[in-house]
Amino acid sequence: MFGIKFFDIGFTMKKHFGLTRPPRQAFTLIELLVVIAIIALLAAILFPVFAQAREKARLATCQNNLKQCILGIQQYTQDYDEAMPLSVSGNAQVGPLIAGTYGIKEFSVAAFIYPYLKSQQVLQCPNDAGFSAYTAGTTTAGGKDIPAGAKVWQAYGTSYKFTKENLSMLPSTWAPAPANPTKYTQTATTALLAPAGGATAIPAASFTMEPPFPMPLSFPARPSEQRVMRCFVGPWETVNPTKGDPNVFHKGGMIMAFLDGHVKFVNSKARYDTYCDGPTVSPRRNLLPSDPNYLAGGDGSCNSQGLERP
C-alpha cells in the first residue's frame with residue numbers, strides 16, 4: 001500500500017513540474033538528406049586526396065626501384081672492365097612468365113643485373129598494369145606470344161625500358177648473325193653524321209662507324225644527361241587511335257635513371273627530349289632549320305667522338 005502511494009506521489013510531482021520525458025522523435029527526411037549530402041561532399045573532397053597520396057607513394061617506390069637498378073648497372077660495369085651489359089631488344093627479352101610458359105631460359109638486361117639487385121620487386125613498377133589493346137597482337141617476348149593479362153615485368157623481366165644504345169650492342173659485322181632471340185641483332189647500321197658547326201655537312205655515307213662494342217663508360221660525353229632506364233610507357237607516348245591509349249604508368253610524367261646514377265621525375269616531353277637518348281642519338285641543341293644537321297635530330301654532343309646517328 002505504501003509503495004503504491006509513494007509511486008503515485010512521485011508520478012504526480014514529475015507530471016506537475018514537467019519532469020516527464022517527451023517521446024523521442026526520429027530524423028526527418030530533410031535532416032537525413034542533409035547528413036548524406038555532407039558525407040558525400042567530404043568523400044568527394046577526401047577521395048582524390050587519398051588517390052594522390054597513393055600515387056605519390058607509388059612514385060616514390062618506382063623512383064627507388066630505378067635508383068637501385070642504375071646502381072646495379074654501375075656495379076656490373078665495375079666487374080666487367082667498365083663495360084655496359086649486353087643490349088637486348090625489347091621484344092627479344094624473356095621474362096619469368098615467358099620462361100615458365102614456354103620452357104625457355106630468362107634472358108634480358110634485367111637478368112644480367114639481377115645478381116646485383118637480389119630482388120625481383122626492384123624491377124617492377126607498382127603501376128605496371130600490363131599490356132593494353134595498344135600493343136595487343138603486335139608484342140612478343142623472346143619470339144613468343146605474351147599470355148593475356150601478363151604484366152610487362154612478367155613478359156620482359158622488368159617494367160622499365162633500357163635505352164638500347166647505352167648498352168653493348170652486338171656489331172652488325174659479326175658472322176654468322178645470331179638467329180635466336182637471345183641476342184640483339186638490330187645494331188646501328190645507319191651511317192653516322194658529322195657534328196654540327198661546319199659550313200658544309202659531311203655526307204652520311206662517309207661514316208660507317210658503329211658504337212663501340214662493348215660499350216665503355218668513357219664513350220658517353222654527358223653521363224648526367226644520358227638516360228639509361230625509364231618507365232615503360234609515358235603520358236606523351238604515341239597513341240594509336242584504332243587501338244586506344246597505352247597503359248601509362250604515371251599520368252603526370254615519367255621517372256628516368258641517368259648514367260651518372262641519379263634519378264628524376266620528368267613531367268613534359270619537351271624536357272624529356274633535352275636528354276641524350278644513347279651516346280649517338282642526342283636531341284636538337286640550339287639548332288636552326290638552316291643548320292645542316294638540323295634534320296639529323298642532334299648535334300653530336302652526347303659522345304666523346306662527336307658522332308651522331310639520325
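This is a short tour of the structure above, stop by stop, with something to select at each one.

**Stop 1: the whole chain**

Load everything and colour by confidence, since this is a predicted model. The average pLDDT over the protein is 75, and 66% of the residues reach at least 70. Two stretches deserve a flag before you go on. Select residues 178-193: pLDDT stays under 50 there, and the model gives this stretch 48 contacts beyond four places in sequence. Then select residues 197-207, where pLDDT is also below 50 and the model has 13 contacts beyond near neighbours in sequence. Where pLDDT is low, don't read the predicted coordinates in detail.

Now switch to a cartoon. You should find six helices and six strands. Walking from the N terminus, the elements come in the order α-α-α-α-β-β-α-β-β-β-β-α.

Turn on the surface for a moment. The accessible surface of the protein is about 17700 Å², with 59% of it belonging to carbon and sulfur atoms. Of the 310 residues, 39% are buried. If you draw a contact map, take the contacts with a separation of 6 or more: 66% of them are between residues 24 or more positions apart.

**Stop 2: the four-stranded sheet**

Hide the surface and select residues 160-162, 227-231, 254-258 and 263-266, which are strands 3, 4, 5 and 6. Together they make an open sheet in the order 3-4-5-6, with antiparallel pairing. Strands 3 and 6 stand at the edges with a single partner strand each, so one side of each has no neighbour in the sheet. Look along the sheet and you can follow the twist, which averages 25° from one strand to the next.

**Stop 3: strand 4 and its two partners**

Keep residues 227-231 selected. How many of the five residues of strand 4 are buried? Five of the five, so strand 4 is largely enclosed by the rest of the structure.

Show the backbone on the strand 3 side. Three bridges join strand 3 to strand 4, and the two run antiparallel. Pick Phe162 and look across to its bridge partner in strand 4, Met229.

Now go to the other side, where strand 4 pairs with strand 5 over three bridges, again in the antiparallel sense. Met229 turns up here too, with Ala257 as its bridge partner in strand 5. One more pair to label is Arg230, whose bridge partner in strand 5 is Met256.

**Stop 4: the hairpin**

Slide along to strands 5 and 6, which are antiparallel and joined by four bridges. Select Ile255 and you'll see Phe265 of strand 6 standing opposite. The two strands form a hairpin with four residues between them. Click on Gly261 in the turn and check its backbone torsions: phi is positive, at about 105°.

**Stop 5: the salt bridges**

Show the charged side chains. Side chains of opposite charge can pair when their charged atoms come close. The structure holds three salt bridges, and you can visit them one at a time.

Start with Arg222 and Glu225, whose closest N and O atoms are 3.3 Å apart. Arg222 has 26% relative accessibility and counts as partly exposed. Glu225 is partly exposed as well, at 23%.

Next, select Arg227 and Asp277. Their salt bridge has its closest N and O atoms 3.6 Å apart. This pair links distant parts of the chain: Arg227 sits in strand 4 and Asp277 in the segment after helix 6 (269-272), 50 residues apart. Which counts as buried, with 6% relative accessibility? That's Arg227, whereas Asp277 is partly exposed at 29%.

Finish with Lys269 and Asp273, whose side chains meet in a salt bridge at 2.8 Å, N to O. Lys269 has a relative accessible area of 40%, which makes it partly exposed. Asp273 is partly exposed too, at 34% relative accessibility.

Notes. Residues are numbered from 1 along each chain as its sequence is written. This is a predicted model: local features need pLDDT of at least 70, side-chain atom pairs count only at pLDDT 80 or more; totals for chains, interfaces and linings use all residues. Side-chain values use heavy atoms; hydrogens and water are left out. pLDDT is the predictor's confidence in each residue, from 0 to 100. Contact means heavy atoms within 4.5 Å. Buried means under 20% relative accessible area, exposed over 50%, partly exposed in between (1.4 Å probe, protein chains only). Two strands pair if DSSP finds at least two bridges between them. Axes are lines fitted to C-alpha atoms, for helices over the stretch in contact, and angles run from 0 to 180 degrees between N-to-C directions. Accessible areas come from the Shrake-Rupley method with a 1.4 Å probe; for residues, only the protein chains shown count as cover. A salt bridge is a side-chain nitrogen of Lys or Arg within 4 Å of a carboxyl oxygen of Asp or Glu.
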